[in-house]
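New to this one? Take a look at the model first, then read on for a short tour of some of its local features.

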Amino acid sequence: MNTENSLNSKQKEAVEATEGPVLVVAGAGAGKTKVITERIKLLMKNGVPPEEIIAVTFTNKAAGEMKARTIEQNSDIKKFRLPFIGTFHALGLLMMKENAKKLGLSGRFTIIDEDDSIKLVKESVLELNLDIKQFDPSRMKHQISSFKNKLVEQEECAEEGYFGEILCKIWQLYEKKTKAQEFLDFDDLILKPTRLLMRDKNTLEKYQNRWRYIHVDEYQDTNEAQYMLSKLLSAKHRNIFVVGDIDQAIYSWRGADFRNVLSFQQDYPDAKIITLEENYRSTDIILEAANAVIINNKMRVPKNLWTKKTGREKIKIMVAEDEKIEAETVAFEILTLKRGRIPALEMAVLYRTNAQSRAIEEALLSHNIAYRIVGGVRFYERREIKDLLAYVRLVQNPQDEISRKRILNVPARGIGKTLATKIFGKTIPLKPEEEKKIKDFEALIDDLRKTSAEKKPFEFLRYAVQKTGYRRYIEDGTEKGMDRWQNVEELIAISRKNEDLEEFLEHVSLFSAEDVYEPEDGSGKVNLMTIHSSKGLEFEAVFVVGMEEGLFPHVLSLDATDLEEERRLCYVAITRAKTKLYLSLAARRAIFGERISNMPSRFLKEFPEHLLEYQEMFPPDGGLPEIIIE
DNA sequence: CCCATAACTGTTTTT
DNA sequence: CAGTTATGGG
C-alpha cells in the first residue's frame, strides 16, 4: 500500500469525483479499498450525512477492513453515525427486515446455508418420486440458484422439455417448503429485495432518497441480481461509484459476470472512468510475471501494472517428487525465511483446492511451524456446530422442521427413522412407548425454550449442551471428540457477544467464524488458504503449491472460458506476493488414495524464463526428479 | 432401534 | 482417503 495519506494523481481524481457515475478500474495492489474509503471520508467531510452513504462488498473481511479504515483518523465520527458498509447479503437482509410485511413475511425468518438448502431440494426431489441420481439435488440447487441470480422468481420458471419442466416442479416444491418455514437462502437475500424495488415504485424511491451515494467494491464479481440492485438504488441520483478488475474475476461459477464492468459505460455514457495501474505491493519481477501470464487471456481490457519497487529476487520454482516432498520443501524454505527475519504472518501457502492443505499441514507440524488455516471446512458447517444451532433454531422457531429433523435423535433417544417418518407424516396410531419418547423430546425443547427466555445466549448454550446430553454425546474420549467439543466451546464463546438469541442466530448465518475472530493473534503463524480466499490479501512471501495440469488449471476447468478464469486465479495468486514468490509442483501426488502423475502446469510456461530460478530441493540429496518444463 | 461395518461416492473455488 | 449412506447382527 502506498503511504497513509498520500494519494497519487489518479487515486485523487477518483476520490474527488464525488458526483455522478464513476468506474475505477484498479489492478491488484493499486489501492482500490483506499480509494473507496477516502471517498467516503471526503463525502462526509463535505457534509453528506453518513446515513446517505452505502458501500457494498462481497466478503465480511473486506467490509470489516473498509469500516476500520473509514473510522481511522476520523474519530470525530460517532460510531452510531457510520455509513452502511457491508456485504450484499447483509444489505439484502436489512431490506428484507424493513419490508417483511410487504413481502408477506412475519420478519422472523431463518437464513439457511447451502447444506440445508440442498437438503430441502433433496426432500423435494424425493417427494416428487424422482430419481435422485438423475435429478441430483446439489445440481438442481445450482440450477435454481442460477435462476435466482438472474432475477427469475419461481412462478416465472418456464423451462421447456422433460427436464426443464421437472426442474420447475422441484423448484416449486422447494419454494413452498422455504416459504412455509420462512427460510431464506443466500440467493433470496438479493433476489427478493431487488424484485420488490422493481415492482414497487414507492419503496424504490424511498431507498433512492435514503441512499444517495452508492459504492460497490469488486464490481467484477457482481451477478445479475446484484448488478440490478445497485443500478436501481442509484438510478435517481446517479451517484454510483464502482471499483473492479476484470483480471481478478474468479467467481463466474457462482453466477458473477464481469461483463457488468464492461457495460457500465453503456449504462452511464457520461461515466468517469479512471484506471489505476500503479501497484504499491509487489516488485517489478513479480509484476512482470503477472502481466506476462494474464496477457494470454482474450477476455480482458488491456492494462499494465507497474511499480517503482525493484526486486532483487527471482521467482523460485520448486520441483518435487510427490506432495510430501513438496510440502517438506515448503516447510524447509519457511524455516529459512524465518531465519532471515521474515515474520511468519507475512508468509502464505496458497493452493487451488482445500484437499491440498493436508500434506502442507503435516510437514509444518513436523517442523513445529505454527500455521493457521483461513477458510477451509467452514466453522458453521461443522456437524457439531450445526447440531447445536439446530437446537437454538428449534427453540426460537417451533415450525423449523429442518432443525427438528436434525436433532430429533441427536444424541440418540430412540427416535429412529420409522418413528421420525411417523411424526413428520402425522400418522396417528403411535405405541405408548413411542408417545412417551416424543413427549420427552418436546418437553426437553419446551424446557430449553423457557430457559432461553431467562438467560443470555452463552448461558443458555452452556445449559443446553448439558441438558440435552450433547456434551456427553460428542465427548467420547477420541481425539475427534475433543476437537468437536472445542468447536462447541468456541461457539459458546462467540455467543457472548450477543444479547439475545435472535441476534446470535442472525450473526452466525451471515458471518463465518473466521470473520468473527481477529485475523492474526500476534503469535506469528504462517497462513494457509485457497487462492480464492487470498483475494485482497498480501504477503511478503507467497508459496503457490500444486502448479500442475489437472490441479491448476483444474481438470474440471479446461474449456476455453473456464481456463481463462483459472488464469485469472493464477494472476491473483502471483499478485499476493510483495517480494518473494515460490511456485512448486509435484511429479506424483495422491488423489483420493490413488497416486497419479501430473504434468507441469501450462501456466508455468507463460512465465518469462529470465524471471525464474530453480530452487534446491529438500532433502537436497534426493536427486532431482525428472521433470522438465519446456 | 442401535451401532458397527461395508459399500459407495464424490472430491473447486463460497457469500 | 474420508465422509456419507446402505446393510445386517445384536
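What follows is a walk through helix packing, a disulfide, some backbone details and the DNA contact.

## A word on the model

Keep in mind that this is a predicted model.

## Helix 22 and its partners

Let's start with helix packing. Two packed helices are described by the angle between their axes and the distance between the axes.

Helix 22 covers residues 479-495, helix 20 covers residues 457-467, and their axes come within 7 Å of each other, crossing at roughly 155 degrees. Since angles over 145 degrees count as roughly antiparallel, that makes helix 20 roughly antiparallel to helix 22. On helix 20, the contact is made by P457, F458, L461, R462 and V465, and these meet W485, V488, L491, I492 and S495 of helix 22. Sorted by character, the residues of this contact between helix 20 and helix 22 come out as eight nonpolar, one polar and one charged. The crossing of helix 20 and helix 22 is right-handed.

Helix 22 also packs with helix 16 (residues 383-396), at an angle of about 45 degrees and with the axes 9 Å apart. That angle makes helix 16 oblique to helix 22. The crossing of helix 16 and helix 22 is right-handed. Here R383, E384, I385, L388 and L389 of helix 16 touch R484, N487, V488 and L491 of helix 22. The mix in the contact of helix 16 with helix 22 is five nonpolar, one polar and three charged residues. Notice V488 and L491: they turn up in the contact with helix 20 and again in the contact with helix 16.

## Helix 2 against helix 3

Another pair to look at is helix 2 (residues 32-45) and helix 3 (residues 60-71), whose axes come within 9 Å and cross at roughly 45 degrees. Helix 2 and helix 3 are therefore oblique to each other, and their crossing is right-handed.

Helix 2 brings T33, K34, I36, T37, I40, K41 and M44 to the contact, while helix 3 brings M66, R69 and T70. Between helix 2 and helix 3, the contact residues split into four nonpolar, three polar and three charged.

## One disulfide

How many disulfides does the structure hold? Just one, and it joins C157 to C168 with a sulfur-to-sulfur distance of 2.1 Å. The link is left-handed, with -75 degrees about the S-S bond.

C157 lies in the loop between helix 6 (137-149) and helix 7 (161-180), and C168 lies in helix 7, so the bond ties together parts that are 11 residues apart in sequence. That loop between helix 6 and helix 7 also holds L151. Its phi is near 70 degrees, a positive value in a residue other than glycine.

## Two cis peptide bonds

Where does the backbone go cis? One place is the bond joining V410 and P411, with omega about -5 degrees. P411 sits in the loop between helix 17 (401-407) and helix 18 (417-425).

Another cis bond runs from F552 to P553, with omega near 5 degrees. P553 is in the loop between strand 13 (539-544) and helix 26 (560-574).

## Around DNA strand C

Which residues surround DNA strand C? They are K122, R358, K480, F592 and G593. By type, that surface has one nonpolar, one polar and three charged residues.

On the DNA side, look at the atoms of strand C within 4 Å of the protein: 73% of them belong to sugar or phosphate, and the rest to bases.

Terms used. Residues are numbered from 1 along each chain as its sequence is written. Chains are lettered from A and ligands numbered from 1 in the order in which they are written. This is a predicted model: local features need pLDDT of at least 70, side-chain atom pairs count only at pLDDT 80 or more; totals for chains, interfaces and linings use all residues. Side-chain values use heavy atoms; hydrogens and water are left out. Axes are lines fitted to C-alpha atoms, for helices over the stretch in contact, and angles run from 0 to 180 degrees between N-to-C directions. Helices (H or I, at least four residues) and strands (E, at least two) are DSSP runs, numbered from the N terminus. Angles under 35 degrees count as roughly parallel, over 145 as roughly antiparallel, 65 to 115 as roughly perpendicular and the rest as oblique. A crossing is left-handed if the near helix is turned anticlockwise from the far one by less than a right angle, and right-handed if clockwise. Contact means heavy atoms within 4.5 Å. Ala, Val, Leu, Ile, Met, Phe, Trp, Tyr, Cys and Pro count as nonpolar, Asp, Glu, Lys and Arg as charged, and the others, Gly among them, as polar. A residue is near a molecule or strand if one of its heavy atoms lies within 4 Å of it. A disulfide is a pair of cysteine sulfur atoms within 2.5 Å.
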